[in-house]
Amino acid sequence: MTGYGRSKKRGEVGEAWARSVNGRFLEVRVHLPREWAALEPELRSLAQTYVARGTVDLHINRSKTAENAVRVEVDESLATQWAKALNQLAKLTSTEGGGTQDVFSVLARAPEVIRVVHETEVSEDEKARVFVIAREALEALKSERVREGNATRAELIRLLDALDEAVLKVSALAATAPDDLRARLKARLEKLEASGLQPPGAEDARFHQEVALLIDRGDIQEEIARLAAHLKVYRDLVSGDGEQVQKAGSIGKTLDFYAQELLREVNTVGSKSQTAEMTRLVVEAKTLVEKIREQVQNVE
């Protein structure tokens, strides 16, 4: 679920902000100054307690007023060797003016003689302050995700209501389908008779078996019953209160699974459709299920 949270501590350790985008799995990326690299595994674990699904970026910057954890060191042994080598080179080439200032200029540019060292040890006090701002950023992110989650829940309920209505209409059509089929067959038989052809008689067993088979193939009562059951489970999951959702854990994958089951049943109904109105309702239902699946991708 998309979200963004920020925590800024002026005059202390620094600032942190977190953001997340939708994703099928959980991926946590921690961005830290080099001197805090040792805290990355613990910060990643912390972020995983706030988010169960999606891609999360946690950024933490060091405050300019924080204690500097960088120092400059001089490799005295290497500098001595460079100085000896320069003096020796001056003697060999009989170079004039090889004074102290010239040697210093060369040494200042010599590789590894002067190096910047970043402290990797983090004090317990500094670590505690880093985790304070990290938690504040993740809490802000969580609040934003809850806000978006409520909006997604409202949209899912709206789509479920529309799907319920479409299924009820399909069920009503299914109840009258056998009578409609018999009426259409009767009209065709009468047309055959009017054209001078001899239609099958009441004693034609084969004819009545075919009629019964057509009616059976068009029977969608089982599919309607399964759709109603799936919709009830879906509505219970979506409408559950925060405590129920917390106990259930991540329900995004569960909702995605039931969305696939809804689509499977709707497709089966479509394959048995025998009227244009039934086909229209099935297309409407499939469109609603696809919209539900799109929304579910935002659910943790």
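The following exercises, each with a worked solution, concern a predicted model of a single protein chain.

**Exercise 1. Overall composition**

Determine how many helices and strands the chain has, and what share of its residues is buried.

Solution. Step 1: the secondary structure of the chain consists of nine helices and six strands. Step 2: the chain has 300 residues, and 34% of them are buried. Step 3: the surface that the chain exposes amounts to about 18300 Å², of which carbon and sulfur atoms supply 53%. Step 4: for contacts between residues at least 6 apart in sequence, 81% join residues at least 24 apart.

**Exercise 2. The pairing of strand β4**

Establish which strands pair with β4, and in which sense, parallel or antiparallel, each pairing runs.

Solution. Step 1: locate β4, which spans residues 54-62. Eight of the nine residues in this strand are buried, so it is mostly covered. Step 2: consider β2, residues 14-21, which pairs with β4 in the antiparallel sense over eight bridges. Within this pairing, V21 has T55 of β4 as its bridge partner. Step 3: consider β3, residues 26-31, which runs parallel to β4 and is joined to β4 by six bridges. Here V30 stands opposite L58 of β4. Step 4: follow the chain from β3 to β4, which leads through helix α1, residues 40-48. This β-α-β crossover is left-handed.

**Exercise 3. A histidine in β4**

Decide whether H59 is buried or exposed, and find which residues it touches.

Solution. Step 1: H59 is placed in strand β4. Step 2: the relative accessibility of H59 is 17%. The cut-off for a buried residue is under 20%, so H59 counts as buried. Step 3: leaving aside residues up to four places away in sequence, H59 touches E15, A16, W17 and H31. Step 4: these contacts may be read beside the strand limits, with β2 covering residues 14-21 and β3 covering residues 26-31.

**Exercise 4. A salt bridge between E35 and R62**

Explain why the salt bridge of E35 with R62 ties together parts that are apart in sequence.

Solution. Step 1: the closest N and O atoms of E35 and R62 are 3.7 Å apart. The cut-off for a salt bridge is within 4 Å, so the pair qualifies. Step 2: E35 belongs to the loop between β3 and α1, whereas R62 belongs to strand β4, so the salt bridge links parts 27 residues apart in sequence. Step 3: E35 and R62 are both buried.

**Exercise 5. Salt bridges within helices**

The structure holds 18 salt bridges. For the pairs E261 with R264 and R280 with E284, state where each lies and how exposed its members are.

Solution. Step 1: E261 and R264 meet at 2.9 Å, N to O. These residues are three apart in helix α8, residues 252-271, so about one helical turn separates them. Step 2: E261 is buried at a relative accessible area of 14%, while R264 is partly exposed at 46%. Step 3: R280 and E284 meet at 3.5 Å, N to O. This pair lies in helix α9, residues 276-296, where a spacing of four residues again corresponds to about one helical turn. Step 4: R280 has a relative accessibility of 41% and is partly exposed. E284 is also partly exposed, at 30%. Step 5: elsewhere, salt bridges with shared partners join E222, E223, R226 and E265 into one network.

**Exercise 6. Aromatic rings**

Find how many aromatic pairs the whole structure holds, and classify the geometry.

Solution. Step 1: a search of the whole structure finds one aromatic pair. It is formed by F257 and Y258. Step 2: a pair of aromatic rings is described by the distance of the centres and the angle of the planes. Step 3: for F257 and Y258, the centres are 5.4 Å apart and the planes make an angle of 75°. Planes over 60 degrees apart count as edge-to-face, so the pair is edge-to-face. Step 4: F257 lies in helix α8 and is partly exposed, with 46% relative accessibility. Step 5: from C-alpha to C-alpha, F257 is 9.9 Å from V296, although the two are 39 residues apart in sequence.

Key. Residues are numbered from 1 along each chain as its sequence is written. This is a predicted model: local features need pLDDT of at least 70, side-chain atom pairs count only at pLDDT 80 or more; totals for chains, interfaces and linings use all residues. Side-chain values use heavy atoms; hydrogens and water are left out. Helices (H or I, at least four residues) and strands (E, at least two) are DSSP runs, numbered from the N terminus. Buried means under 20% relative accessible area, exposed over 50%, partly exposed in between (1.4 Å probe, protein chains only). Contact means heavy atoms within 4.5 Å. Accessible areas come from the Shrake-Rupley method with a 1.4 Å probe; for residues, only the protein chains shown count as cover. Two strands pair if DSSP finds at least two bridges between them. A crossover is right-handed if, with the strands pointing away from the viewer, the path from the first strand over the helix to the second runs clockwise. A salt bridge is a side-chain nitrogen of Lys or Arg within 4 Å of a carboxyl oxygen of Asp or Glu. Rings of Phe, Tyr and Trp (its six-membered ring) pair if their centres lie within 6.5 Å; planes under 30 degrees apart count as stacked, over 60 as edge-to-face and the rest as tilted.
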